Amino acid sequence: MKLSVETVAKACDALTKSGIVDKNGEYDKEFKGYISAFGVAVVQMGLYPALLIFEDESANTKGDRSKLAKALGFFLKETYPDTDKLSKHYASLDEEERKLMQKRVNEALVALKLALRIYKPKDEKIKRK
């Protein structure tokens with residue numbers, strides 16, 4: 001999958017709007033793992049259960065992984081503008097539209113993972129010689 005500069009820029013925007021990346025350009029290290037874990041959850045369970053799990057704001061996780069679902073929402077806003085939760089929208093789609101949404105979510109996850117590398121993890125110590 002090849003990503004355009006615009007796609008990565010859109011992912012950077014989604015990371016900041018969702019609160020994953022703060023105003024200092026830093027993020028909690030856990031989000032690298034959350035993005036990967038979301039992809040694994042999609043493969044193992046499907047998109048709908050993965051969305052339900054990651055949209056759960058009451059989950060007691062460091063870094064509030066529901067921000068990842070929000071970032072996906074910001075990334076996909078042009079395609080799915082009138083939904084607060086992607087899981088609710090996904091449930092209303094027919095099979096062909098679900099496959100298209102799955103493809104767009106996969107692209108978004110790759111773009112978010114790549115865009116996250118532009119920023120610094122919060123707890124990164126600067127090594128000096």
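## Exercise 1: The nonpolar core

**Task.** In this predicted model, find which residues of the largest nonpolar core touch the most other members, and which helices supply the core.

**Solution.**

*Step 1.* Start with the membership: the largest nonpolar core has 36 residues. Phe-38, Met-101 and Leu-112 touch the most other members.

*Step 2.* Now go through the helices. At least two core residues come from each of α1 (5-18), α2 (30-45), α3, α4 (66-75), α5 (86-91) and α6 (95-116). The biggest contribution is that of α6, which gives 8 residues.

*Step 3.* Take Met-101 and list what surrounds it. Setting aside neighbours within four places in sequence, Met-101 is in contact with Leu-47, Leu-51, Tyr-80, Leu-86, His-89, Tyr-90 and Leu-93.

*Step 4.* Next, turn to α4. Its buried residues are Ser-66, Leu-68, Ala-69, Ala-71, Leu-72 and Phe-75. These buried residues pack against α1, α2, α3, α5 and α6.

## Exercise 2: The overall fold

**Task.** Work out the order of helices and strands along the chain, then explain why the protein counts as compact for its length.

**Solution.**

*Step 1.* Count the elements: the protein has 6 helices and 2 strands.

*Step 2.* Read them from the N terminus, and the order is α-β-α-α-α-α-α-β.

*Step 3.* Compare the radius of gyration with the globule rule. The protein has a radius of gyration of 15 Å, and the rule gives 14 Å for 129 residues; the two values are close, so the protein is as compact as a globular protein of that length.

*Step 4.* Add the outer dimensions. Along the principal axes, the C-alpha atoms fill a box of roughly 60 × 35 × 25 Å.

*Step 5.* Finish with burial and contacts. Of the 129 residues, 40% are buried. Among contacts between residues at least 6 apart in sequence, 74% join residues at least 24 apart.

## Exercise 3: A buried glutamate

**Task.** Establish where Glu-55 lies, how far away the nearest side chain of opposite charge is, and what its side chain has as a polar partner.

**Solution.**

*Step 1.* Place the residue: Glu-55 belongs to helix α3, which covers residues 47-55.

*Step 2.* Look for a charged partner. Glu-55 is buried and has no salt bridge. Lys-85 is the nearest side chain of opposite charge, at 4.7 Å. A salt bridge here calls for nitrogen and oxygen within 4 Å, so that distance does not qualify.

*Step 3.* Search for polar atoms instead. A polar atom of the Glu-55 side chain lies 2.9 Å from the backbone nitrogen of Leu-86.

*Step 4.* Complete the surroundings. Beyond residues up to four places away in sequence, Glu-55 touches Ser-66, Ala-69, Lys-85, Leu-86 and Ser-87. Two of these have come up already: Ser-66 and Ala-69 are among the buried residues of α4, and Leu-86 is also in contact with Met-101.

## Exercise 4: The salt bridges

**Task.** Decide which salt bridges link distant parts of the chain and which pair sits within one helix.

**Solution.**

*Step 1.* Get the total: the whole structure contains 4 salt bridges. As a reminder, side chains of opposite charge can pair when their charged atoms come close.

*Step 2.* Begin with Glu-78 and Lys-10, whose side chains meet at 3.7 Å, N to O. This pair links distant parts of the chain, with Glu-78 in the loop between α4 and α5 and Lys-10 in helix α1, 68 residues apart. Glu-78 is exposed at 66% relative accessible area, whereas Lys-10 is partly exposed at 28%.

*Step 3.* Move to Asp-13 and Lys-17, which form a salt bridge of 3.2 Å, N to O. Both residues lie in helix α1, 4 residues apart, or about one turn of the helix. In general, an α-helix has 3.6 residues a turn, so residues three or four places apart point the same way. Asp-13 is partly exposed, at 36%.

*Step 4.* Check Asp-22 and Lys-122, joined by a salt bridge of 3.8 Å, N to O. They too link distant parts of the chain: Asp-22 is in the loop between α1 and β1 (26-27), Lys-122 is in the segment after β2 (120-121), and they are 100 residues apart. Asp-22 is partly exposed at 26%, and Lys-122 is partly exposed at 36%.

*Step 5.* Close with the network, in which salt bridges link Asp-22, Asp-28 and Lys-122.

Methods
Residues numbered from 1 in each chain as written. Predicted model: local features only at pLDDT ≥ 70, side-chain atom pairs only at ≥ 80, totals over all residues. Heavy atoms only, no water. Buried < 20%, exposed > 50% of the residue type's maximum accessible area, 1.4 Å probe, protein only. Lys, Arg positive; Asp, Glu negative; His and termini not counted. Polar contact = N/O pair within 3.5 Å; in protein donor to acceptor, adjacent residues only side chain to side chain. Contact = heavy atoms within 4.5 Å. Core = buried A, V, L, I, M, F, W, Y, C linked by side-chain atoms within 4.5 Å. Rg over C-alpha atoms; globule rule 2.2 N^0.38 Å.
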